[in-house]
Amino acid sequence: MKISYNWLMEYLPEKLERQKLSEILTSIGLEVESLEFYENIKGSLNGLVVGKILTCEQHPNADKLKVTTVDIKKEVLQIVCGAPNVAAEQKVIVAPVETTIYPINNSPVTMKVAKIRGVESFGMICAEDEVGLSDSHTGIYILPDDAELGEPASKYFNIYKDWIYEIGLTPNRMDAMSHIGVAKDVCAWLSYHNNKTVKTKLPVTDIKFEEGENEFEVIIENTNDCKRYSGLHIKNVTIKESPAWLRNFLIAVGHRPINNIVDITNFILHETGQPLHAFDADALTSKKVIIKNLPEGTPFQTLDNVERKLCNKDLMICNNDEPVCIAGIFGGVDSGVTSETKNIFLESAWFNPSAVRYTSLRMGLRTEAAIRFEKGVDISGTVNALKRAASLIIKIADGKIAGDLIDVYPVHVEKKIITLKYDYLKKLSGKSYEPSSVKTILAALDFEILNETNNALTVAVPLSKSDIYLPADIVEEIVRIDGLDNIEISKSITITPSTQDNLLSEQLKEKISQVLTGFGFNEIVTNSIANSKIFTEQRLSNSVRLLNNISADLDIMRPEMLETGLEILAYNINRKNNNLNFFEFGKTYHYNKKYSETEYVCFWMTAKNGTQGWRQKSGLSDFFTAKGILKSLLSSVNIADIEFSETQNKESGIQQNIFIDKFNLGTITKIDTNLLEKFDIKQNVVFVELNYKNLLSANAKQEIIFKEIVQHPSVERDLALIVNKKIKYSNIENLLKQLAIPFLQQFSLFDIFESEKIGQDKKSLAINFTFLNSEKTLTDAEVNEVMEKIVKKLEYNLNAEIRK
């Protein structure tokens, strides 16, 4: 948010140096992100002076040039000029030698002595665009005859200079979204730190209202979304350009002046934080201003000449049944103030932040008014803002108050009552405050002290501070006015041992992260709020949609982990970074009669398997690479006996479920090319998703058993089997486990071979067996006996043949 230094000083009882003000603002939580010099004309016309052309003669060597002599009071200059309107006796703007001018849309130019077609020229007679006054270049700028000779142009044109603070406001600080709001905080700081009461200089509004019946009637039908509506009828206004001071203030904070009425409403917005809206009173023909909701699909044309379809949740300001304004957001094309407007109806209201935000985001209308209403404006300030605006309209637009002020306030909002205990203040802030200091700070911030005891203080929260609900919020107010830098850091640190309920969970996450990082994975953190367009309709069932989403692209709580990771893959691949392995801990969100969230650990693989070199070539990671990494990962967290389901064709791709003791741990999926094309990914991706709660449960059930290292050697045997192509290695794996051979330590597949020589629809599987007896060295006879048992089991159950 932009704050004008000059403007802010209008409300402070004493002038503060810019740097001191910056320190105060940052100290009280209004962090100054930048401080920049502002001038309404670049260069401020420095060095330019008012001159008078004494003579104007034809150039001897050029038909379109004139040789002039110009008096600038301290000297007479010879200047060659090519403007068609130059003549003797004119008052003009002169740029002498060594003066720098700042033309519009061009680089700065410093004047030098120049010889033009053989005649020396000692400066320049300037046009409007050449010094930044406007974009006109019809000729030199001719000043009135009463312009004082030799007067600096900066003084003649009354150049406006200012310093603009860019303040980084947190979303809860609606009370500081105005110059008066910031001034109140600064005065609170000064009151506390200077030990004297410092009050904000508020503008005086002395307005007399006409007694009797009002020409307009205000009716609030939706009292939940509009708790207060104040209005005022002003006649005989003159629509014209705003005075320079008003235009300068608005331009300095980034507002484009339009006309005096609209400029006044914008001025009040930045002065008080209260948005106003001015209607052309003659367009409100029914003389009834009704605040209500209209039927779904009602058309409404806004000030930008766009026709919008209303939703039945959109709060509207109506001329009886005709919509004239989207409440708190944007006006209508038929009721706005124009150059022909003579009478206005001025609105100052409180609208429900949720309702304003819903409509603002749905329609894509992020106006200054909407931004303030959705944060919660001060409901007690509507009338004061209206009076302030009326006083300016009377002064600047020659308006006349017609009737009494209208203020419809059906149910008065009561101030929140909060009790703050001093020991809680010390516990939370880390500092012992004197009760008198606490009262000084809170009183300076407009809190009302209701009751005080030795241990606590009860206060009424001002309605301007809509973010304060708890004692902790009051602690924050006290600490920020005191200053975080003033809280001492203890020289000794006391640590209280505590138990962590989630210790096992965090340890497991750390272990998984270490293992996957060792495999070359990088951790990612994706947004749990996602774009619904990246998910299919099937995956959107039971999803949780946002009512007031931050942007149109972020409208849903993530229903699945897969797609958000694919977005990250696509982003990197599009930037030629395609050797990628990612993992993430994250949650998905669903609604089925009640809201639920499920935590997962997932990993995405699309990297090359191994590093390519002169001795080996790298291949792409595939389904089996992912299964190998998955087994190693689970083994590292003491989960070994996992099983995989039969392969299934799912919407997302070829998939297998992962089980331990018939308990579903998750899935492993080779992503379908159609889904990858949606993300513009042209390389294979394998995705593993593990339910973290189930994984944690399975990990907790596993016992860690320590055994003595076996001193006897192991024995290895290789076995090549010829089986039907339809038989999977998992079938062999399950059979071997059923045999439960006590000293079969491990077995693994190390080769697959297919050829017509071994038979059609046949394949050869080569398996390595490792045997180990912890009590003695195994003999060949013992190992051969076991191998024979294995062969018979495979021949009987799978019709396998031993490959000779």
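# Exercises on helix and strand packing

In this predicted model, the axes of helix 11 (residues 422-429) and helix 13 (residues 471-482) come within 10 Å, crossing at roughly 65 degrees.

## Exercise 1. The crossing of helix 11 and helix 13

Task: classify the angle between helix 11 and helix 13, give the handedness of their crossing, and describe the residues in contact.

Solution.

Step 1. The angle between the two axes is roughly 65 degrees. Angles of 65 to 115 degrees count as roughly perpendicular. Helix 11 and helix 13 are therefore roughly perpendicular to each other.

Step 2. The handedness of this crossing is right-handed.

Step 3. On the side of helix 11, the contact is made by Tyr424, Leu425, Leu428 and Ser429. Helix 13 supplies Pro471, Ala472, Val475, Ile478 and Val479.

Step 4. Sorted by type, the contact residues comprise 8 nonpolar, 1 polar and no charged.

Step 5. A general point bears on the spacing of such residues: an α-helix has 3.6 residues a turn, so residues three or four places apart point the same way.

## Exercise 2. The surroundings of strand 6

Task: decide whether strand 6 (residues 91-96) is largely enclosed or not, and find which strands pair with strand 6.

Solution.

Step 1. Buried means under 20% relative accessible area. In strand 6, 6 of the 6 residues are buried, so the strand is largely enclosed by the rest of the structure.

Step 2. Take the two faces in turn. Lys91, Ile93 and Ala95 lie on one side, and Val92, Val94 and Pro96 on the other; all are buried, and both faces are covered.

Step 3. Strand 3 (residues 49-58) pairs with strand 6 in the antiparallel sense over 4 bridges. Within this pairing, Val49 is opposite Val94.

Step 4. Strand 11 (residues 123-125) is also antiparallel to strand 6, with 3 bridges. Here Ala95 has Met124 as its bridge partner.

Step 5. Strand 12 (residues 142-143) runs antiparallel to strand 6 and is joined to it by 2 bridges. Lys91 stands opposite Leu143 in strand 12.

## Exercise 3. The buried residues of helix 6

Task: list the buried residues of helix 6 (residues 244-252), name the elements they pack against, and state what phi Gly254 takes.

Solution.

Step 1. The buried residues are Leu246, Asn248, Phe249, Leu250 and Ala252.

Step 2. The strands they pack against are strand 1 (2-4), strand 2 (31-39) and strand 13 (161-168). The helices are helix 1 (5-9), helix 7 (260-272) and helix 10 (382-397).

Step 3. Gly254, just after helix 6, has a positive phi of about 95 degrees.

Definitions and conventions:
Residues are numbered from 1 along each chain as its sequence is written. This is a predicted model: local features need pLDDT of at least 70, side-chain atom pairs count only at pLDDT 80 or more; totals for chains, interfaces and linings use all residues. Side-chain values use heavy atoms; hydrogens and water are left out. Axes are lines fitted to C-alpha atoms, for helices over the stretch in contact, and angles run from 0 to 180 degrees between N-to-C directions. Angles under 35 degrees count as roughly parallel, over 145 as roughly antiparallel, 65 to 115 as roughly perpendicular and the rest as oblique. A crossing is left-handed if the near helix is turned anticlockwise from the far one by less than a right angle, and right-handed if clockwise. Contact means heavy atoms within 4.5 Å. Ala, Val, Leu, Ile, Met, Phe, Trp, Tyr, Cys and Pro count as nonpolar, Asp, Glu, Lys and Arg as charged, and the others, Gly among them, as polar. Buried means under 20% relative accessible area, exposed over 50%, partly exposed in between (1.4 Å probe, protein chains only). Two strands pair if DSSP finds at least two bridges between them.
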